[in-house]
Amino acid sequence: MTERAARSHSSWTAPFRWIWRELSRLRLTLWLLIVMFVAMIVGSIFPQGYDPEMYISSWGEAKYESIARWGVLNLFHSKFFLTLGIVLLLNLVVCSLVRWFGRSGARLAGERPPAYAREVKLEGGHGMSPSVKAVSVLESRGYKVLSSTGNVVTARRGPWPEGVSLLYHIAMAVAIIGFIVSALFAFEGDVTLYPDEPQQVATVSDETGAIRLGLVKPDTTAWADRYVTLNLNEFITEWEYYEEKYYPRDWFSDLTVEDDNGRSRDFMIEVNRPLRVSGLTFYQMAYDQTFDVVVMQDTLEVERVSGSAYVPFTLESIGGMFFPGTMRVGTLYQKYHDTEPVVPHTPLKWQPPAEGEPGEDATDVGEMAHGEAEEPEGEHGEGSEHAEEAAHDEEGEELEEEPPPPPPEKLEIGDLSAEVPLEVEGYEGYTLILENPYEGSVLTYRHDPGVPLLYLSIIAFMVGLAIRTYWPSYRVNLWIEDGADGRKGWLAFRAAGMLGEPELIEEDLVKALAEPEL
Amino acid sequence: MDPQVLIARDASLFAAERTVLWVALYAYGVAFVCYVMHFFAPRNRLFRQAATAALVAAAGLQTAVIVIRTVLKGASPFQSLYESLAWFAWSAAVAYLVIEWRRHVKLPGFFVSLIAGGAVLYALLGQNPEIKPLFPALQSSWFFWHVAIAFASYAIFVVAFGVEISYLLQLLFWKLGVTKDYGLTRDNISRFHRSVHQLVLFGFPMLTFGIMSGAAWANEAWGVYWQWDPKETWSLITWFAFALYLHARVMPRWRGAPSSLIMILAFACMVTTFLGVSWLAKLFGVPSLHLYG
């Protein structure tokens with residue numbers, strides 16, 4: 001190669017060599033860690049990834065605009081953070097390669113002892129030269145002699161530290177790849193199952209990051225028959241009664257699942273025990289509860305509405321708004337007692353009608369019950385929001401004349417139960433009963449091909465880090481020279497691994513090298 | 001046996017647990033005073049031995065509290081902040097006592113007894129001691145290992161921070177020339193700085209396991225291993241801070257004062273992860289799945 005060609009080649013590769021050199025530097029690692037550290041602190045103090053409406057409703061538009069322009073409201077999925085992750089990945093890969101290719105040079109001694117090397121006395125013995133004696137001493141103590149050239153001996157005992165360090169650096173790189181695979185190909189959703197009402201869940205989705213970024217095109221024709229069918233045979237809930245309070249204990253779904261190959265199997269899933277089928281993982285997340293609220297006047301049923309846990313409802317015969325909590329149904333556990341079935345019930349709060357509203361007292365009840373019912377029964381649960389909106393609209397119109405009175409407080413009126421009729425203050429003669437308790441199972445599902453990579457990296461990382469940190473390893477470099485008063489040497493002893501006894505081992509070595517006998 | 005008798009027995013055990021924890025708090029107080037006195041009178045054997053004895057007593061009493069609580073709950077006692085604080089104090093005291101015994105160091109004891117005592121005081125005065133059954137999501141074999149190992153790392157970092165503070169104080173005294181009684185030289189002061197590195201090296205894999213086991217557990221329970229929840233984010237911030245410290249110790253220019261500064265910062269991050277996240281989440285209105293902890 002001519003000098004000109006070499007110079008041209010050198011200038012062409014110079015930027016790559018500069019990039020390689022920078023990526024192999026520990027200084028870059030430090031700065032990346034610092035920048036990511038600061039970015040994560042910023043990301044932790046702003047709610048991440050919500051719809052703009054949510055931010056505007058809590059902060060107002062001006063504040064939202066001023067914060068959003070800095071890109072801190074979806075920081076962990078931003079290009080900035082992704083770029084930092086990719087640079088850290090490259091840094092890890094390059095550092096790992098440098099460790100791998102530089103492993104033989106790194107472990108051998110240089111020509112001169114370093115400043116920390118200590119002077120030791122050397123004896124040969126049995127006619128052996130000091131270097132042969134040193135090799136024997138080291139080998140008899142379990143060291144592997146890596147080099148014994150001239151007057152320099154290099155040996156190691158225990159795991160190879162650079163190799164182990166390489167293992168956990170590669171593991172971190174695999175973990176970052178796993179995160180990227182998750183970000184590109186994972187999808188999730190939820191499904192609510194009711195007994196003997198099968199539901200289909202697609203095992204593919206066009207809602208992945210790769211499709212959103214245009215990296216993959218959805219093939220809806222081929223995907224049409226890729227689904228699993230779930231049928232809920234039974235949903236079981238368990239409660240614990242402790243110190244006069246109910247606590248959820250567990251909930252289970254007894255399922256029959258037909259996978260995307262048409263095979264059918266039975267599974268029982270619960271919290272912390274998911275189901276994996278056809279690339280999807282199903283998790284027992286929650287329950288969906290419905291019940292009937294029956295209003296009785298003496299022994300006569302005067303009204304019946306459908307209710308759901310946490311969905312407010314209204315009654316025509318009793319004014320105001322009712323707020324149910326979780327319905328307790330299933331099996332009851334109590335410390336030191338036998339299990340028993342739970343009497344179905346839900347705690348109920350009542351917001352009495354505001355002054356001037358129909359139904360504010362018992363006189364209005366009869367009128368309401370017998371004539372003015374207009375809202376369809378089936379829309380009570382869902383319709384409560386509309387009812388609230390309507391109330392707000394009405395209040396809004398009144399605002400021009402006088403400020404609206406504050407809404408009445410919600411009162412805890414007891415449990416709406418299947419066994420004990422509930423009375424409402426001011427409505428004598430009327431009682432509420434819960435009937436037809438019904439539960440559905442809410443499952444979430446997720447497809448995440450990044451998870452196996454993450455588990456692999458976790459195992460490799462933990463094994464590598466644990467060996468590097470705890471398992472003792474020792475490296476010895478010995479320089480042998482003649483002194484005025486006989487043979488002497490310089491011993492550079494390095495130890496790693498917390499569970500070792502480096503002082504004892506070094507002293508034993510120094511003593512053995514000075515002994516005339518082996 | 002009659003359930004009412006068993007319930008009455010539980011109530012008396014619960015009352016006894018509170019009393020024992022109060023006594024443990026006084027023992028931490030005595031230990032702190034003795035460690036401080038030892039700091040000012042290093043040649044006095046009485047202070048040295050009394051400090052260790054008081055800390056051993058406090059840790060022993062807390063062991064009894066943990067056993068009682070475990071019996072009452074029928075599960076590992078680290079569900080509520082009250083229980084976590086008590087566990088944190090106990091693990092810090094035990095970790096320090098092991099290191100004091102193995103390494104013959106005394107100075108960090110004042111700091112460790114202060115932190116442990118402070119945590120117990122906060123638990124007794126500021127937290128609800130009520131025992132609650134485990135939430136379904138917490139009923140997992142991950143629960144014990146995730147919390148126990150993560151808190152073990154916290155305990156190691158408390159001791160490491162105590163050693164770092166001792167190092168900085170000694171360095172200050174050495175620079176002021178107050179070295180006679182303490183037998184301080186630049187070399188034996190630097191040993192404290194190196195010990196911090198060793199301690200962080202020891203605790204770092206545990207912290208890593210704590211985070212990774214939490215992610216694996218979340219994947220089993222919630223179907224997603226990482227959600228950038230404030231607690232998760234701060235645990236990663238703490239991990240980054242300690243990783244930064246370990247890398248800084250390898251760099252000649254960062255090995256001295258910068259690494260001390262990073263160590264202090266990392267410890268602050270750890271405390272924020274443990275106690276500050278709930279406060280931050282409430283202050284900035286950030287929703288968190290970990291607010292029960």
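Contact means heavy atoms within 4.5 Å. This is a predicted model, where local features need pLDDT of at least 70, side-chain atom pairs count only at pLDDT 80 or more, and totals for chains, interfaces and linings use all residues. Residues are numbered from 1 along each chain as its sequence is written, chains are lettered from A in the order in which they are written, and side-chain values use heavy atoms, without hydrogens and water.

**Exercise 1.** Describe the interface of chain B and chain A.

Solution.
- Step 1: count residues. Chain B brings 58 residues into contact with 55 residues of chain A.
- Step 2: take the buried area (accessible area, 1.4 Å probe, that two parts lose on being put together, summed over both). Chain B and chain A bury about 5,000 Å², with 71% of it on carbon and sulfur atoms.
- Step 3: look for salt bridges (a side-chain nitrogen of Lys or Arg within 4 Å of a carboxyl oxygen of Asp or Glu). The rule finds 3 across this interface. One of them joins B:Glu220 and A:Arg276, at 2.8 Å, N to O.

**Exercise 2.** Describe how domain 1 and domain 2 of chain B meet.

Solution.
- Step 1: set the bounds, which come from an automatic or database domain assignment. Domain 1 of chain B spans 1-133 and domain 2 spans 140-293.
- Step 2: count the contact. Domain 1 of chain B gives 25 residues and domain 2 of chain B gives 29 residues.
- Step 3: take the area. The two domains of chain B bury about 2,400 Å² between them, 81% of it on carbon and sulfur atoms.
- Step 4: check for salt bridges. The rule finds 0 between these domains of chain B.
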